[in-house]
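User: I am new to reading protein structures, and I would like to understand how the descriptive words follow from the values. Could you take me through this one step by step?

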Amino acid sequence: MARELKIRVNERVWTVASAPDTPLLYVLANELMLQGPRFGCGLAQCGSCSVLVDGVERRSCVTPVSAVEGKAVTTLEGLPAWYAAQKKLSKTPDLHPVQQAILDEQAMQCGYCYNGMIIKASELLSKTPQPDEARIRSHMNGHLCRCGTYPRIIRAIQRASRVMAGGAA
Ligand code: FES
Ligand code: FES
């Protein structure tokens, strides 16, 4: 008999019925119907399933749902509100600046890596608002894009950094 768990996702508390060792990704997709995190490798190798747990990127495909009890999970869907709370904005934007910059730089092709790239870049800019290119590359290492859009993703992160600093895109 599965134990009932309560988890906080995107600032809402959810009661989930899955077994405690169920990967968080499955709970997000199948019980909470959140489509941001994607199933890629299922082995913590690609990053497409990433979420923020207390502001730190975690691979939800290998994270048991019980591991996030008592923590704050943010998925792509909750990223604009997470950003607004961090910046103490009076209004939640439609998109996190990284999401907007990805669009502005036309950085995506198939878009499969979109979730993980944005989550990981948002984690970076929350801690290091003005990273140089080497820092961006090292931080994003381990997030795979099968379409090879890495240069455009780097440009998007640089653009978001400028926007978040209040400068021109
Ligand atoms: S699906 Fe989780 S890292 Fe690839
Ligand atoms: S845009 Fe296709 S995997 Fe990155």
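User: What makes strand 3 and strand 4 a hairpin, and which residue in the turn has a positive phi?

Analyst: This is a predicted model, and in it strand 3 and strand 4 form a hairpin with two residues between them. The residue with the positive phi is Asp54, at about 50°. Strand 3 covers residues 50-53 and runs antiparallel to strand 4, with four bridges joining the two, and Val53 stands opposite Val56 of strand 4.

User: How do you know that strand 3 also pairs with strand 5?

Analyst: Pairing requires at least two bridges between two strands, and two bridges join strand 3 to strand 5 (residues 72-74), so the requirement is met, with the strands running antiparallel. One of the residues involved is Val53, whose bridge partner in strand 5 is Val73.

User: Why are strand 2 and strand 4 said to stand at the edges of the sheet?

Analyst: The sheet is open, and its five strands lie in the order 2-1-5-3-4 with mixed pairing. Strand 2 (12-16) and strand 4 (56-59) each have a single partner strand, so one side of each is left without a neighbour in the sheet. Neighbouring strands are turned by 40° against each other on average, when direction is ignored. For strand 2, there is antiparallel pairing with strand 1 (residues 5-9) over five bridges, and Arg12 of strand 2 is the bridge partner of Val9.

User: Why is helix 4 called oblique to helix 6?

Analyst: Helix 4 (residues 114-127) and helix 6 (residues 150-164) pack at an angle of about 40°, and their axes are 11 Å apart. Angles under 35 degrees would count as roughly parallel and those from 65 to 115 as roughly perpendicular; the angle here falls in neither range, and therefore helix 4 is oblique to helix 6. The crossing of the two helices is right-handed. Where they meet, Met117, Ala121 and Leu125 of helix 4 face residues of helix 6 that include Ile153, Ile157 and Ala160.

User: How do you know that the radius of gyration agrees with a compact globule?

Analyst: For 169 residues, a compact globule would have a radius of gyration near 15 Å, and the chain has 16 Å, so the two values agree. The C-alpha atoms fill a box of roughly 55 × 40 × 25 Å along the principal axes.

User: What share of the residues is buried?

Analyst: A residue is called buried if 20 or more other C-beta atoms lie within 10 Å of its own, and buried residues make up 40% of the 169 in the chain.

Notes: Residues numbered from 1 in each chain as written. Chains lettered and ligands numbered in written order. Predicted model: local features only at pLDDT ≥ 70, side-chain atom pairs only at ≥ 80, totals over all residues. Axes fitted to C-alpha atoms, helices over the stretch in contact; angles between N-to-C directions. Rg over C-alpha atoms; globule rule 2.2 N^0.38 Å. Buried ≥ 20, exposed ≤ 12 C-beta atoms within 10 Å, placed from the backbone. Parallel < 35°, antiparallel > 145°, perpendicular 65-115°, else oblique. Left-handed = near helix turned anticlockwise from the far one by under 90°. Contact = placed C-beta atoms within 7 Å.
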